[in-house]
Amino acid sequence: KGSVVKEGKAGYKCMWPKFITPQAGNSHAPCPHLNALVNHRILPRDGQNITKEMFQKVLEDTFNFSPTLMRNTTPLRVSMDTL
């Protein structure tokens with residue numbers, strides 16, 4: 001109640017997984033939000049093999065984006081196809 005992030009998910013009550021500095025060989029994006037999710041181990045640490053479905057679910061859980069928004073946001077869908 002009163003929280004944007006669901007209980008049990010990263011960011012609930014401002015509790016985030018520990019930040020880990022990017023390592024050599026890790027893949028990073030020009031998007032700071034995506035990099036933050038990777039650096040806090042919410043998405044795979046190496047930045048590889050992130051599926052569109054995985055990314056959408058993480059955004060729903062972490063940033064409280066609606067499933068409808070995630071399914072219908074054309075630019076996001078296009079950019080995720082190129083990862």
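Buried residues account for 29% of the 83 residues in the protein chain, in what is a predicted model. The secondary structure consists of four helices and zero strands, and along the sequence these elements follow the pattern α-α-α-α. The points below start with the chain and then turn to helix 1, to one of its buried residues, Leu37, and to the contact that helix 1 makes with helix 2.

**Chain as a whole**
- The protein chain exposes about 5700 Å², and carbon and sulfur atoms supply 58% of that area.
- Among the contacts in the protein chain with a separation of 6 or more, 30% join residues that lie 24 or more positions apart.

**Helix 1 and what follows it**
- Helix 1 covers residues 32–39, and the residues buried in this helix are Leu34, Asn35, Leu37, Val38 and Asn39.
- The cover over the buried residues of helix 1 includes helix 2, which comprises residues 52–63.
- An α-helix has 3.6 residues a turn, so residues three or four places apart point the same way.
- Just after helix 1, Arg41 adopts a positive phi of about 60°.

**Leu37**
- Leu37, which lies in helix 1, has a relative accessible area of 3%, and because the cut-off for a buried residue is under 20%, Leu37 counts as buried.
- Leaving aside residues up to four places away in sequence, Leu37 touches Ile42, Leu43, Phe55, Val58, Leu59, Thr62 and Phe63.
- One of these partners, Leu59, is 22 residues from Leu37 in sequence, while the C-alpha atoms of Leu37 and Leu59 are 9.3 Å apart in space.

**Contact of helix 1 with helix 2**
- The axes of helix 1 and helix 2 come within 12 Å and cross at roughly 85°; because angles of 65 to 115 degrees count as roughly perpendicular, helix 1 is described as roughly perpendicular to helix 2.
- Helix 1 contributes His33, Leu34 and Leu37 to the contact, and helix 2 contributes Phe55, Val58, Leu59, Thr62 and Phe63.
- By residue type, the contact of helix 1 with helix 2 is made up of six nonpolar residues and two polar residues, with no charged residues.
- Leu34 and Leu37 therefore appear in two lists, since both are buried in helix 1 and both belong to the contact with helix 2.

Definitions and conventions
Residues numbered from 1 in each chain as written. Predicted model: local features only at pLDDT ≥ 70, side-chain atom pairs only at ≥ 80, totals over all residues. Heavy atoms only, no water. Buried < 20%, exposed > 50% of the residue type's maximum accessible area, 1.4 Å probe, protein only. Contact = heavy atoms within 4.5 Å. Areas by Shrake-Rupley, 256 points an atom, 1.4 Å probe, with all protein chains shown as cover. Axes fitted to C-alpha atoms, helices over the stretch in contact; angles between N-to-C directions. Parallel < 35°, antiparallel > 145°, perpendicular 65-115°, else oblique. Nonpolar A, V, L, I, M, F, W, Y, C, P; charged D, E, K, R; others polar.
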